[in-house]
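Please walk through the model below with attention to how the ligand is held and how the strands around it are arranged.

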Amino acid sequence: MGKRIVILGAGFGGLHTAIILGRKAGQTNEVILIDRNSHHTFTPLLYEVATTPKEVANYIELHEITTYEISNILKGLPVRFIQSDISKVDIMNGDIHLASGEKIKYDYLVVAIGSEPNFFNIPNIRENSFQFKTFKDALRIRDAVWDLVSQGQSPKIVVGGGGSTGVELAAELQHWLYYIKREKKDCEGQVTLIDGGPTILNGFSKTVIDKVTRRLTKLGVCILNGSPIGNVSNNKVVLKNGQEIKFDLFIWSGGVKANSLMQSNPLKFEEKGRSGVTPNMTCLPFDPKLKLYGKVYGIGDIVCAYSENGLPVPMVARAAISQGTVAAKNILEELKGKNPTHIYKPINYPYIIPVGGKYAVAKIGPIVFSGFLGWLVKGLIELGYLFSLIPTGKALKVWVRGLKIFIQNDRLG
Ligand SMILES: Cc1cc2nc3c(=O)[nH]c(=O)nc-3n(C[C@H](O)[C@H](O)[C@H](O)COP(=O)(O)OP(=O)(O)OC[C@H]3O[C@@H](n4cnc5c(N)ncnc54)[C@H](O)[C@@H]3O)c2cc1C
C-alpha cells in the first residue's frame with residue numbers, strides 16, 4: 001500500500017474529497033473517511049424537516065430525503081469509512097484519536113469537520129434554546145411546535161439570528177402556523193425573528209434584503225432589528241435595549257464558529273476560530289517555522305480563506321466542495337512526487353433563500369429573482385447535488401419523493 005490519506009468529516013467538503021481521492025488514488029493508497037454519523041446531511045432541506053408534521057411524513061421518510069447513507073455513496077469505491085466520534089486531532093504527532101481509544105496515523109490529513117453553534121457568550125442562551133444544525137435538531141423543533149399546538153396552545157416562537165438559516169426557518173414556521181390556524185381556529189401562533197443588526201441578512205445585497213423583508217412581513221413574521229440579545233431565560237429573551245420578548249420556543253440560529261476540536265492545535269486561527277489556510281488549502285501553523293506531522297489540509301467551515309476584496313469566504317456548501325476539490329487535486333499531485341499547484345479561487349457564490357412555501361429569493365451573479373421561479377431553481381440545484389452523489393435513478397426517486405412531501409406539506413400545513 002502507498003500512503004494513508006485520512007479525511008475527517010463526511011459533510012459537503014469531506015465527502016467530495018473522499019470520492020475524488022477514492023476514484024483517483026484509492027487503488028494504490030489507503031483512503032479513510034471518518035464521521036460520527038452513518039449519513040451525510042443535506043442541510044439546505046433541514047427547514048422543511050423542522051416544519052413537516054407527522055401526518056405528512058414520518059421520521060424515516062424525512063431521513064431518507066435529507067440524509068444519505070455514506071456507505072451507499074461510497075459503494076464500489078476503495079474508501080474505508082469509519083463511523084466514529086473523533087475525540088482529538090493531534091497534528092504535531094500525526095494522530096487521530098477516536099472515541100473508542102483507537103489512534104490512526106496519517107501521511108495526508110484533510111480536516112473537514114465543519115462548524116458548531118456560536119453563542120457569543122450570551123448568558124443562559126445555550127440551555128434555553130433549540131439549535132438548528134443537524135437532522136435531529138430539526139426534528140426536535142418540529143416535535144416541540146407540534147406538542148404545543150396539540151396542547152391547544154398558540155405557540156410564541158422566537159428565532160434568534162436573521163441570517164439565511166434563521167430567515168428560512170422563521171418563514172416556514174410562520175407559514176406552517178398559518179395552515180394550522182385554518183384547522184384550529186383559536187391557534188394564534190406567532191414567529192418573531194430577532195437580529196441585532198440594522199436589517200436581517202446582514203451583508204447580503206439590498207435588493208435581496210428588501211425582497212425577503214417584504215415576504216416575511218407578508219407572511220406575518222414579526223421582525224425585530226437593531227438591538228442584540230442581552231440574555232435569555234426559560235421563557236423570555238431580553239434585548240440589550242431592555243425590550244423583553246416572551247416565548248414558548250426559542251431557536252438560536254445566530255451564527256456558527258469553527259468546530260472547536262482543532263483549537264488544541266498550534267494553528268493560526270482567524271475569525272470565528274477558523275484555521276488560516278494557504279491558497280493550496282493547507283492549514284497554517286501559528287509559527288511558520290513549526291513542523292507539522294505529514295501534510296495537513298483544511299477545507300470548508302473549519303477554515304478561513306479570503307476573497308479578493310479581503311473578506312472571509314462565507315461558510316457555505318459550495319465553498320467547502322470547491323476547496324475539497326483543490327485539496328484532493330493537490331494530494332494527487334503530491335502522491336506523484338510533484339509540488340501541489342492547485343489554488344482555491346473564491347467566487348461570489350450564488351445563493352437561494354427559501355422564504356416560506358413555494359417562494360425563494362435567488363441571487364445568481366448580478367441577477368436577483370424571486371417567487372416560484374426561485375423555488376423551482378432551488379429544487380433543480382438540489383437534484384443536481386443528488387446526481388453528484390448517488391446513481392441517477394435513485395437520485396430522481398429521492399428527489400421526487402421529497403418534492404411530493406414538501407408540496408403536500410405546503411398545502412396541508
Ligand atoms: C440549517 C442549515 C441550512 C444551510 N443551508 C445552506 C444552503 O442552503 N446553502 C449552502 O451553501 N450552505 C448552507 N448551509 C451551510 C452548509 O451546510 C455548510 O457551509 C457546509 O455544511 C460546510 O461543509 P463542511 O464540509 O465544512 O462541514 P459539514 O458539512 O458541516 O460537515 C462536517 C462533518 O464533520 C462531522 N464531524 C464534526 N465533528 C466531528 C467529530 N468530533 N467526530 C466525527 N465527526 C465529526 C459531522 O458529522 C459532519 O458530517 C446550511 C447550514 C445549516 C445548518
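In this predicted model, a backbone N or O atom of I86 lies 2.8 Å from a nitrogen atom of the ligand, and a backbone N or O atom of D301 lies 2.8 Å from an oxygen atom of the ligand. Whereas I86 and D301 make these approaches through the backbone, D35 uses its side chain, a polar atom of which is placed 2.5 Å from an oxygen atom of the ligand. Taken alone, the ligand would expose 990 Å², and 85% of that area is buried by the protein.

These three residues belong to a wider shell: 28 residues surround the ligand, and G13, D35, T43, I86 and D301 are the ones that come nearest. Sorted by class, the shell around the ligand contains 12 nonpolar, 10 polar and six charged residues. Among the elements that contribute to this shell are the helices α1 (12-25), α6 (164-183) and α8 (317-335), each of which supplies at least two residues.

Where does the ligand lie with respect to domain 1 and domain 2? Domain 1 is made of the segments 4-36, 84-117 and 256-335, and domain 2 of the segments 130-254 and 350-412; because both of them give residues to the shell, the ligand lies between the two domains.

Turning to the strands, one open sheet has five of them, in the order β5-β2-β1-β9-β21, and their pairing is parallel. At its edges are β5 (79-83) and β21 (295-298), each of which pairs on one side only, and from one strand to the next the twist averages 20 degrees. Within this sheet, strand β2, which covers residues 30-35, pairs with β5 in the parallel sense over five bridges, and one position to look for is V31, whose bridge partner in β5 is V79. Strand β2, with its residues 30-35, also takes in D35, the residue whose polar side-chain atom lies 2.5 Å from a ligand oxygen atom.

A second open sheet is formed by three strands in the order β23-β24-β25, and here the pairing is antiparallel. Its edge strands are β23 (351-354) and β25 (367-371), each pairing on one side only, while neighbouring strands of this sheet are turned against each other by 10 degrees on average, with direction ignored. Strand β24, residues 360-364, is joined to β25 by five bridges, and the two run antiparallel; in β25, S370 is the bridge partner of V361.

Methods
Residues numbered from 1 in each chain as written. Predicted model: local features only at pLDDT ≥ 70, side-chain atom pairs only at ≥ 80, totals over all residues. Heavy atoms only, no water. Near = heavy atom within 4 Å. Polar contact = N/O pair within 3.5 Å; in protein donor to acceptor, adjacent residues only side chain to side chain. Areas by Shrake-Rupley, 256 points an atom, 1.4 Å probe, with all protein chains shown as cover. Helix = DSSP H or I, 4+ residues; strand = E, 2+ residues; numbered from the N terminus. Nonpolar A, V, L, I, M, F, W, Y, C, P; charged D, E, K, R; others polar. Domains from an automatic or database assignment. Pairing = 2+ DSSP bridges. Axes fitted to C-alpha atoms, helices over the stretch in contact; angles between N-to-C directions.
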